[in-house]
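Here is a friendly walk through one chain, with its charged pairs, its nonpolar core and its surface patches in turn. Keep the viewer open and follow along.

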Amino acid sequence: MRKDKPPVASSSKIKFEDSDEHESSSEDEEEKEIEEELADVTFEELQRARSDGSDTVYRKFNSEGKSGRANKNRPVEMSSKKPVSRFREIIQVPKKVTRDPRFESLCGQLDEDGFKKRYNFLYEDDLPAEKEDLKKQMRKSNDPEEISELKNRIGWIDKQLKSAGLKHTEREILAEHKKKEREAAKQGKQPYYLKKSEIRQRKLVEKYKELKASGKLEAYIEKKRRKNAAKDHRYLPYRRPGEQENK
């Protein structure tokens, strides 16, 4: 009779042994990683973790210690505090940078006096001439829309000329005041700065002198009186409809 051969170790047993060795090697790697991470933890934190039996030190080190990955095979963990953009940038386009000459140091500082001197011809020659030309066009035109546009343009020019005149008067008042204060400072006096209310009063005085010299003071006062009377008239009580007057 033929004797049976003794059983040979199957491949499944070998697989189990290989898997056990792989698990042990992975556990060793994890232990080494934990030891390396805990190497930078202070002794006080270790004592605190040991006293309360928690592993907060390890978690804190993983969350706040290093910004990179603990293992190169793990995916990068993104921060949840940074909001995700709605639009995904597919093609990087160079950002267009606009410059505002009012706030750019490359454009230099604005010299208001020099600017007014260089462009003073606009307020003395161009705008008054344009105003006269618009008035002639308004006399010849019969189109109501065109007349309305011409009136709006004339009103805008009047505002520009009035604003330029007021600013010019204010600059003259400030320049004269600064000149006097410089002379007073040379004599040892402290400088005095004008308030807005004082500048407004001096502007009214200058306007009064200008109107009186041109002979338009009475007409200006009458116009102001009618304007104020129209404002006061809105607040007067009216008689209700159907109500008889008291005799």
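## A bridge between α7 and α6

Let's start with lysine 203 and glutamate 170, whose side chains meet in a salt bridge with an N to O distance of 3.8 Å. Keep in mind that the model you are looking at is predicted. Lysine 203 belongs to helix α7 (residues 196-214) and glutamate 170 to helix α6, so this pair ties together parts of the chain that are 33 residues apart in sequence.

How accessible are the two partners? Lysine 203 has 23% relative accessibility and so counts as partly exposed. Glutamate 170 is also in the partly exposed class, at 29% relative accessibility. Elsewhere, Glu222, Arg225 and Arg226 are joined into one network by salt bridges that share partners.

## Bridges between α5 and α6

How many salt bridges does the structure hold? There are six. One of them pairs arginine 153 with glutamate 130, and their closest N and O atoms are 2.9 Å apart. This contact links distant parts of the chain, since arginine 153 sits in helix α6 and glutamate 130 in helix α5, 23 residues apart. Arginine 153 is partly exposed, with a relative accessible area of 32%, and glutamate 130 is partly exposed at 27%.

Another salt bridge is formed by the side chains of lysine 131 and aspartate 158, at 2.6 Å from N to O. Here too the pair links distant parts of the chain: lysine 131 is in helix α5 and aspartate 158 in helix α6, 27 residues apart. Is lysine 131 buried or exposed? Lysine 131 is buried, with a relative accessible area of 19%, a value that falls under the 20% limit for that class. Its partner aspartate 158 is partly exposed, with a relative accessible area of 32%.

## The nonpolar core

Which residues make up the largest nonpolar core? This core has five: Leu127, Leu134, Leu150, Ile154 and Ile157. The elements that give two or more residues to this core are α5 (121-140) and α6 (144-186). Of these, α6 gives the most, with three residues. As general background, nonpolar side chains in soluble globular proteins tend to be buried together.

## Spatial neighbours of α5 and α6

Two residues make handy reference points for backbone distances. Alanine 164 is found in helix α6 and is buried, with a relative accessible area of 17%. The C-alpha atom of alanine 164 is separated by 9.5 Å from that of lysine 116, although the two residues are 48 residues apart along the chain.

Methionine 138 is found in helix α5. At 24% relative accessibility, methionine 138 counts as partly exposed. Between methionine 138 and serine 148 the C-alpha to C-alpha distance is 9.0 Å, with 10 residues of sequence separation.

## Charged patches on the surface

Now for the surface. Where does negative charge gather? Asp28, Glu29, Glu30, Glu31, Glu35 and Glu36 form a patch of negative charge there. Among them, glutamate 31 has its place in helix α1 (residues 11-38). Its relative accessibility is 46%, so glutamate 31 counts as partly exposed.

A positive surface patch is made by Lys162, Lys207, Lys223, Lys224, Lys227, Lys231 and Arg234. Helix α8 (residues 217-233) gives the most to the positive patch, with four residues. Arginine 234 lies in the segment after α8. At 58% relative accessibility, arginine 234 counts as exposed, because the exposed class begins over 50%.

## A nonpolar patch

The surface also carries nonpolar side chains. Leu110, Phe115, Tyr119, Phe121 and Leu122 make a nonpolar surface patch of about 490 Å². One of these residues, tyrosine 119, is placed in the loop between α4 (112-118) and α5. Tyrosine 119 is partly exposed, with a relative accessible area of 37%.

Note on methods: Residues numbered from 1 in each chain as written. Predicted model: local features only at pLDDT ≥ 70, side-chain atom pairs only at ≥ 80, totals over all residues. Heavy atoms only, no water. Patch = residues over 30% accessible without salt bridge, like charges linked within 9 Å, V, L, I, M, F, W, Y side chains within 5 Å. Areas by Shrake-Rupley, 256 points an atom, 1.4 Å probe, with all protein chains shown as cover. Salt bridge = Lys/Arg side-chain N within 4 Å of Asp/Glu carboxyl O. Lys, Arg positive; Asp, Glu negative; His and termini not counted. Charge placed at Lys NZ, Arg CZ, Asp CG, Glu CD. Buried < 20%, exposed > 50% of the residue type's maximum accessible area, 1.4 Å probe, protein only. Core = buried A, V, L, I, M, F, W, Y, C linked by side-chain atoms within 4.5 Å.
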